[in-house]
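Please read these notes alongside the coordinates. They cover strand pairing, ring pairs, nonpolar cores and a few single residues.

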Amino acid sequence: MYKIAEAIVVEGRYDKNTLSQIVDAAIIETSGFGVFNDREKQKLIRRLAEKRGLIVFTDSDGAGFVIRSFIKSCVPPQYLKHAYIPDIEGKEKRKSKASKEGKLGVEGMSPEIIINALRRAGATIEGEDTPQTARISKADMYAKGLSGKPDSSQKRRELMKKLELPEKMSADALLQVLNVLMTREDFLNL
């Protein structure tokens with residue numbers, strides 16, 4: 001069991017159940033899109049974020065990114081970290097068929113993938129050093145052709161696939177994750 005200092009927000013109870021078997025942390029579920037109209041839950045999420053920091057850990061499908069964006073609009077960015085699961089095709093054991101996009105969600109991930117995603121997000125795990133926070137800039141992304149050029153989106157998709165990140169990440173989200181995964185020097189040597 002890994003003890004995580006930050007609170008973790010997930011989409012639903014099955015995601016919460018999966019995480020609670022792997023990590024010791026405050027885990028809050030959004031009830032999917034239910035968080036959009038639940039002012040009390042929004043307030044709780046903000047309070048936890050300000051007190052402990054918050055890791056947003058949603059599925060890598062369209063709905064997960066909508067929920068992630070909503071939480072980003074509710075919580076100041078200095079309190080947020082984002083954990084991303086890779087795009088893995090399949091269906092969860094409890095379901096009779098795959099999701100609309102055919103990808104596994106947080107609940108379908110192995111413990112190793114979940115812990116690695118939390119580490120890449122910069123989670124504070126008891127007994128482990130905090131990852132480096134070297135800054136890769138938007139200018140670095142441009143220089144590497146990952147933004148602002150005609151083929152930038154294709155290059156980002158190739159990089160995200162290589163790094164086992166979800167395909168729907170924006171350039172800004174990718175930049176944030178790259179700053180957790182590697183130093184600026186490592187990035188420039190890609």
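The points below concern a predicted model.

1. Strand E2. This strand spans residues 7–10 and is covered on both faces. Ala7 and Val9 are buried on one side, and Ile8 and Val10 are buried on the other. E2 runs parallel to strand E5 (residues 54–56), and three bridges join the two. Strand E4 (residues 27–29) is also parallel to E2 and is joined to it by three bridges. As reference positions for the register, valine 9 is opposite valine 56 in E5, while valine 10 is opposite glutamate 29 in E4.

2. The main core. The largest nonpolar core has 22 residues. Which of them touch the most other members? They are Ile4, Ile8, Leu19, Val23, Phe57 and Leu118. E2 and H4 are the elements that give two or more residues to this core, and H4 gives the most, with five.

3. Phenylalanine 57. Apart from neighbours within four places in sequence, phenylalanine 57 is in contact with Ile8, Val9 and Val10 of the E2 segment described above. Its other contacts are Leu19, Arg68, Ala83, Ile85, Val106, Ile114, Ala117 and Leu118. A second core of 17 residues is separate from the largest one and includes Phe65, Tyr84, Leu146 and Leu163.

4. Aromatic pairs. There are three aromatic pairs in the structure. In one of them, phenylalanine 36 and phenylalanine 70, the ring centres are 4.7 Å apart and the planes are at 45°, so the pair is tilted. These two rings connect distant parts of the chain, 34 residues apart: phenylalanine 36 is in the loop between E4 and helix H2 (39–52), and phenylalanine 70 is in helix H3 (residues 62–74). Phenylalanine 36 counts as partly exposed because its relative accessibility is 25%, and the cut-off for buried is under 20%. Phe33, Phe36 and Phe70 are linked by ring pairs into a cluster.

5. The pair of phenylalanine 65 and tyrosine 84. Here the ring centres are 6.0 Å apart and the planes are at 25°, so the pair is stacked. Stacked is the class for planes under 30 degrees apart. Phenylalanine 65 lies in helix H3 and tyrosine 84 in the loop between E6 and helix H4 (111–121), 19 residues apart. Both residues are buried.

6. Charges over rings. The charged end of arginine 68 sits over the ring of phenylalanine 65, at 5.7 Å from its centre. Arginine 68 is also among the contacts of phenylalanine 57. Elsewhere, lysine 149 lies over the face of tyrosine 142, 4.7 Å from the ring centre.

7. Leucine 80. This residue is in strand E6 (residues 80–82). Is leucine 80 buried or exposed? It is buried, because its relative accessible area is 10% and the cut-off is under 20%. Beyond four places in sequence, leucine 80 touches Leu54, Val56, Ile71, Lys72, Val75 and Gln176. Leucine 80 and arginine 52 are 28 residues apart in sequence, with their C-alpha atoms 9.9 Å apart.

8. Threonine 18. Helix H1 (residues 13–20) holds threonine 18, which counts as buried because its relative accessibility is 15%. Leaving out residues up to four places away in sequence, threonine 18 touches Val106, Glu107, Met109 and Ile114. Val106 and Ile114 are also among the contacts of phenylalanine 57.

Notes
Residues are numbered from 1 along each chain as its sequence is written. This is a predicted model: local features need pLDDT of at least 70, side-chain atom pairs count only at pLDDT 80 or more; totals for chains, interfaces and linings use all residues. Side-chain values use heavy atoms; hydrogens and water are left out. Helices (H or I, at least four residues) and strands (E, at least two) are DSSP runs, numbered from the N terminus. Buried means under 20% relative accessible area, exposed over 50%, partly exposed in between (1.4 Å probe, protein chains only). Contact means heavy atoms within 4.5 Å. Two strands pair if DSSP finds at least two bridges between them. Rings of Phe, Tyr and Trp (its six-membered ring) pair if their centres lie within 6.5 Å; planes under 30 degrees apart count as stacked, over 60 as edge-to-face and the rest as tilted. A charge sits over a ring if NZ of Lys or CZ of Arg is within 6 Å of the ring centre and within 35 degrees of the ring normal. A nonpolar core is a set of buried Ala, Val, Leu, Ile, Met, Phe, Trp, Tyr and Cys residues joined through side-chain atoms within 4.5 Å.
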